[in-house]
Amino acid sequence: MTTINLVIMIIYHIISVFVVFVLIWSIIKTKDVQEAILYCIILIPFTLRVFHIK
Amino acid sequence: MFIHAGMILVVMAVTFAVAKLLKLTIELSMFVAAIAGALAHGAGIPVRHIVDGAFTYYDVCLIFITATFFMNLLKEAGGVTYIIRGIITTFHRQRFVCLLLLTLVLLIPGALTGSGAVTVLIMGTMVGNVLTYMGISETRTAAIIFLCAAMSAAAPPINLWAMMAAAGSNMPYVGFMQPLLIITVSGALLSMFILGWKGKAVDLEKALKELPTPPEKMNFLRVIIPFLVFFALVLAGRIWPFQMPILGLPLMFLISAFAVFLISPKKLPLLEIASTTIRQLIPLVGIMIVVGVLIQIMALSGARGLISLGVVTLPLTVLFAALWLILPWSEGLVQYAAAPLLGVPLILLFNMKGLNPVIALSAMAVMWPLGDCLPPTAVVGRATVIELKYKGSYYGEFVKTCLIPMLIILFVCTLFIIFSKQLSFLVG
Amino acid sequence: MSEKYIKTVKIISFCIALILMIMAGRAFYEHRYFKGAIVLSPGVTEVKKLSDYFSPLEGTANDCNIYILDSGNPGGTVMVLGGTHPEEPGANLAAQVLVENAQLEKGRLIVVIWANRSASTVSRPGDAYPQFYHISTDWGVKKFRMGDRWANPLDSWPDPEVYVNYPSRQLLAYMDIRNLNRTWPGKADGALVERTCYAFIELIKEEKVGLFIDLHEAELEYPVISTIVANQNAQEIAAMVSMILTAFEFKRPIGMEFSPPSLHGLSHREVGDYSDALSLLFEAPEPFLDRVRGITDEHLLLTGKDPFVMKAGEYGLLYEKIDEEGWPIDVRVGRHCSTILQSVQTYSEMYPDKVVAISKVPRYAEVIENGVGHYFYDPDEAPTDRVVYE
Ligand SMILES: [Zn+2]
């Protein structure tokens, strides 16, 4: 059971990685300045979670 | 400290207003207001606090993203069109059944995701079209879509306002299912029937021609199985809690999404839909994150305490008489931030005064989303008029048409709060 | 707007985000891996690990230290648990006062300072808690880590849709699967905090703990405050202790209440029911936790002075009094110290074959007079083998 829980935890990290990836992609693609800034703000918590810092 | 906290509130409010005037988006305006508040508090730019606050609703954001992904997949697979076509082909002669089923269909996306905007995005255009075929005016159609979207956001199992307020007051998010279900379903039906009862018979031929066609192999089983998977996972967690691994809601939605993928008659571009979903949700995820930052700065500077204190020291009768105005208005102003800001102190107060906190919070959590058509944010209201390509005046016609059902729902909710103790038996 | 302008803004905002991430990330990292020094009192005979009682915990964030003070003389065994909720500093400070000062004359004392260590490594998002607090001692300022009520999501993620307590099946809020005072009696293959509770129950059984004490602090808006909550097996002790302390020692009374039989997952219920230990839980007032509090900072945490909370008191919204004096940390730790000592004494009187006699631990008045910092010793002065870090 502990192993399964660990696997699930890894899946959650992968979900966060995916969100980070799409966010960076959207920052590059967007033509709207305000959107770009907002994406950068959202990027902060997701990135820190991916790196297992917070 | 009263003056200090009051001053911080003023600084935040002024900054927010100025930022809005300068055409900043609501999310960025809030963020700027939070930074200004922190500066006024005199702590420089408290980087750690800003980032800490950004994590407040991290898990809620994940639920949001995965649930919307699930609904988007279902829409892409043709499940949504299939259901709506099914409803009008079978029941076009029975207006009552037709409206009833359309209401329930409208409730599903928001109930699962906790967001009225998702309901509008996924169901808005399609149900809106069907309603116009039924002879309902454009204004009334828009009002119906908005009101049902608001009710769907409040509908269980996911009600973000109740979840946020419950988490803030260390109260389990348990027992909300039945009270929320009763209020939201009756609210949605009420809106639908008040605004949609009068009309003409459906022009079936025209409707079927204009609605998108689902893939040929689509059938009822294929639509229902993913939902069954989801509810089976939730139920399994309740029935065998000690044998089931802890999946969490986001993973449950992902597994259900995978079920959609497996049984979809056409091949679905998973990655593409996933990234569209995230992009589609960025304003909503953004607002949750910024709200977290704002709350953290308000807590840091005492501004949150001042608001809480202001709320809990009001006499109960005044609260009962004013909540139906305060709650929707606060939602229009600061979106989900209203729940932790006002909801938490109110729950503590109600608890102390002997009201039933679950019933009272359920009622409040239905009142908030009704404010989603009010300025300055008006997120769901705006989404509705944009999706339906509504031409009429926003306040003069659309909001005005929403008013009557809205007032009735608000009145019922107020009664639920006042008599929450007598309604305790509803807590399931 | 030109392409170039947009690109510049993008690059600048990305860089700012990166700088914020690095600055905050460093703060989080420092907080998570901070280790405070604990100077062992001569009374500490052994420092074990929780994983010594349940090996799967080895290497996890919750493999906390177990401090054993053995008099070598026959008697009973008392266990004191601090840091169940690391956002309640009075609890872990009182536990640390025991570890740095206590000497045993009879029986044994087992102390835990960070019962939910993982929860001490995270700051609560949205509540603006300080990451550290500082207490003046006779030799300088000592730094302590401020934690949260729930374990770090980095150690236990995700939460279930709803938390079902094992084995009672009581439904609780999803995040309470990370709350050490909701997961008793624990589950061997459960989530991290459930396994932690399981390990503690193993410890209690193996060490034959006779009296179990769980230390807490609570907000003044919460009805369970300034009180001893007792399992039915410890009712007499709690009643006696609250009477004595209220009559002879404390400025504000300490009450006693029964652990509700239907409320599961809490230590005062499950430890008493799932082991032979009598179980008690102490609550001291901590205005810092109140929702109506004003400026949230270290000052409020340590002095317990807050005009907003006082205002709420004027409106009759609190379950404990508060005035300009506030609820300083010395008073809170002092109450815990005296309540522990009095409970151990009453327990020893009631069970003469399980006597535990503790000396060198300050009581309420002494902690207030000298300040709690007086009871923490300089790790640089102590022999290295008598200093541990946690
Ligand atoms: Zn506690």
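In this predicted model, the lining of the second largest pocket draws at least two residues from each of several helices, namely α2 (33-50) of chain A together with α2 (26-41), α7 (116-133), α14 (270-301) and α19 (379-387) of chain B. Among these contributors, α14(B) provides the largest share of the lining, with six residues. The volume of this second largest pocket is about 720 Å³, and of the 25 residues that line it, those closest to its centre are Ile26(B), Glu27(B), Pro283(B), Val379(B) and Arg382(B). When the lining residues of the second largest pocket are sorted by character, 13 are nonpolar, four are polar and eight are charged.

The largest pocket encloses about 1,200 Å³ of space. Its lining comprises 50 residues, of which Ser169(B), Asn170(B), Arg182(C), Tyr222(C) and Pro223(C) are the closest to the centre of the pocket. At least two lining residues of the largest pocket are supplied by each of α17 (338-352) of chain B and, from chain C, β10 (171-172), β11, β13 (255-258) and β14 (278-285). The largest share, five residues, belongs to α17(B). In terms of character, the lining of the largest pocket divides into 26 nonpolar, ten polar and 14 charged residues.

Chain C also holds the protein donors of the zinc ion, which are His85(C) through ND1, Glu88(C) through OE, listed twice, and His216(C) through ND1, all at 2.1 to 2.3 Å from the ion. The angles subtended by the four donor atoms around the zinc ion run from 58 to 151 degrees, and the arrangement is therefore irregular; a tetrahedral assignment would require all angles to lie between 85 and 135 degrees. Along the sequence, the donor residues follow the spacing H-x2-E-x127-H. Of these donors, His85(C) sits in the loop between β4 (77-81) and α2 (89-101) of chain C, whereas His216(C) belongs to strand β11 (residues 211-218) of chain C, so the pair ties together parts that are 131 residues apart in sequence.

Both histidine donors were also examined for their accessibility. His85(C) has a relative accessible area of 3% and is buried, and His216(C), at 2% relative accessibility, likewise counts as buried, because the term applies to residues under 20% relative accessible area. Strand β11 of chain C thus appears in two of the descriptions above, since this strand carries the zinc donor His216(C) and β11 of chain C also supplies at least two residues of the lining of the largest pocket.

Definitions and conventions:
Residues are numbered from 1 along each chain as its sequence is written. Chains are lettered from A and ligands numbered from 1 in the order in which they are written. This is a predicted model: local features need pLDDT of at least 70, side-chain atom pairs count only at pLDDT 80 or more; totals for chains, interfaces and linings use all residues. Side-chain values use heavy atoms; hydrogens and water are left out. Donors are N, O and S atoms within 2.8 Å of the metal (3.2 Å for Na, K and Ca); water is not among the atoms, so sites may look incomplete. Four donors count as tetrahedral if all angles lie between 85 and 135 degrees; four count as square planar and six as octahedral if opposite donors are over 155 degrees apart and all others between 65 and 115; anything else is irregular. Helices (H or I, at least four residues) and strands (E, at least two) are DSSP runs, numbered from the N terminus. Buried means under 20% relative accessible area, exposed over 50%, partly exposed in between (1.4 Å probe, protein chains only). On a 1 Å grid over the protein atoms alone, a cavity is a set of points where a 1.4 Å probe fits but cannot get out, and a pocket is an open set with protein on both sides within 12 Å along at least five of seven lines; lining residues have an atom within 4 Å of a point. Grid points are joined across faces, edges and corners, and a volume is the space filled by probe spheres set on the points. Ala, Val, Leu, Ile, Met, Phe, Trp, Tyr, Cys and Pro count as nonpolar, Asp, Glu, Lys and Arg as charged, and the others, Gly among them, as polar.
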